[in-house]
Amino acid sequence: MLEDLTPPARVHTCKVRTIAEGLSETDRAIFFEAVDNPTWAFKTLSNELAKRGIVIADNGIAKHRRLQCSCFRS
Ligand SMILES: [Zn+2]
């Protein structure tokens with residue numbers, strides 16, 4: 001009965017990656033490009049994405065761009 005009792009996975013997934021996974025290939029490319037583009041201020045990008053129905057905090061974008069998210073940890 002307890003076969004599946006395992007400690008909860010410490011999921012600390014990157015929001016950028018999570019959102020990208022739900023996008024089409026085309027959208028994903030555009031999304032990643034914007035996320036990595038220093039011309040986009042984090043807050044501005046966050047707001048513009050929200051207008052298009054994608055909710056991501058500027059902090060999440062910042063972490064990914066600064067390589068501080070889980071995408072870059074092994
Ligand atoms: Zn990431």
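This is a short tutorial dialogue on reading the predicted model shown above.

Q: Let's start simply: which secondary-structure elements does the chain have, and in what order do they run?
A: Happy to begin there. The model is predicted, and its chain holds 4 helices and 0 strands. Reading from the N terminus, the order is α-α-α-α.

Q: How do I read the radius of gyration of the chain?
A: Set the value beside the one for a compact globule of equal length. For 74 residues that reference would be near 11 Å, whereas this chain has 15 Å. The extents of the C-alpha trace add to the picture: along the principal axes they are about 50 × 25 × 20 Å.

Q: What share of the residues counts as buried?
A: Of the 74 residues, 9% count as buried.

Q: And what share of the contacts comes from residues far apart in sequence, 24 or more positions?
A: Take the contacts with a separation of 6 or more; 51% of them join residues 24 or more positions apart.

Q: Which residues make up the largest nonpolar core?
A: The general idea comes first. In soluble globular proteins, nonpolar side chains tend to be buried together. In this chain the largest such core has 5 residues: Val16, Phe31, Val35, Leu45 and Ile61.

Q: What does Val16 touch, beyond its neighbours within four places in sequence?
A: Val16 is in contact with two fellow core members, Val35 and Ile61. Its other partners are Ile56, Gly60, His64 and Cys69.

Q: How do I describe a pair of packed helices?
A: Two packed helices are described by the angle between their axes and the distance between the axes. Here, take α3, residues 42–51, and α4, residues 58–65: their axes come within 8 Å and cross at roughly 125 degrees. That angle makes α3 oblique to α4. The contact itself involves Phe42, Lys43, Leu45 and Ser46 on the α3 side, with Asp58, Ile61 and Ala62 on the α4 side.

Q: Is the crossing of α3 and α4 left-handed or right-handed?
A: The crossing of these two helices is right-handed.

Q: Why does Cys14 count as partly exposed?
A: Count the C-beta neighbours. Cys14 has 17 of them inside 10 Å, so it falls between the exposed and buried classes and counts as partly exposed. Cys14 sits in the segment before α1, which covers residues 15–21. Setting aside residues up to four places away in sequence, Cys14 touches His64, Cys69, Ser70 and Cys71.

Q: How far apart are Cys14 and Trp40 in space?
A: Their C-alpha atoms are 19 Å apart, with a sequence separation of 26 residues. It helps to set another pair beside that one: Asp36 and Arg65 are 29 residues apart in sequence, and their C-alpha atoms are 5.6 Å apart.

Q: Where is Asp36, and is it buried or exposed?
A: Asp36 belongs to helix α2, residues 25–36. Asp36 is exposed because just 12 other C-beta atoms lie within 10 Å, and 12 or fewer is the cut-off for that class.

Q: What about Arg28 in helix α2?
A: Arg28 has 14 C-beta neighbours inside 10 Å and so counts as partly exposed. Apart from neighbours within four places in sequence, Arg28 is in contact with Ala20 and Leu23. The C-alpha atoms of Arg28 and Ala57 are separated by 17 Å, although the two residues are 29 apart along the chain.

Q: Which backbone angle should I look at in Leu67?
A: Look at phi. Leu67 is not a glycine, yet it has a positive phi of about 60 degrees. Leu67 is found in the segment after α4, and it counts as exposed because it has 9 C-beta neighbours inside 10 Å.

Q: How does Arg52 relate to Leu67 in space?
A: Their C-alpha atoms are separated by 25 Å, with their positions 15 residues apart along the chain. Arg52 lies in the loop between α3 and α4. With 9 C-beta neighbours inside 10 Å, Arg52 counts as exposed.

Technical notes: Residues numbered from 1 in each chain as written. Predicted model: local features only at pLDDT ≥ 70, side-chain atom pairs only at ≥ 80, totals over all residues. Rg over C-alpha atoms; globule rule 2.2 N^0.38 Å. Buried ≥ 20, exposed ≤ 12 C-beta atoms within 10 Å, placed from the backbone. Contact = placed C-beta atoms within 7 Å. Core = buried A, V, L, I, M, F, W, Y, C linked by C-beta atoms within 7 Å. Axes fitted to C-alpha atoms, helices over the stretch in contact; angles between N-to-C directions. Parallel < 35°, antiparallel > 145°, perpendicular 65-115°, else oblique. Left-handed = near helix turned anticlockwise from the far one by under 90°.
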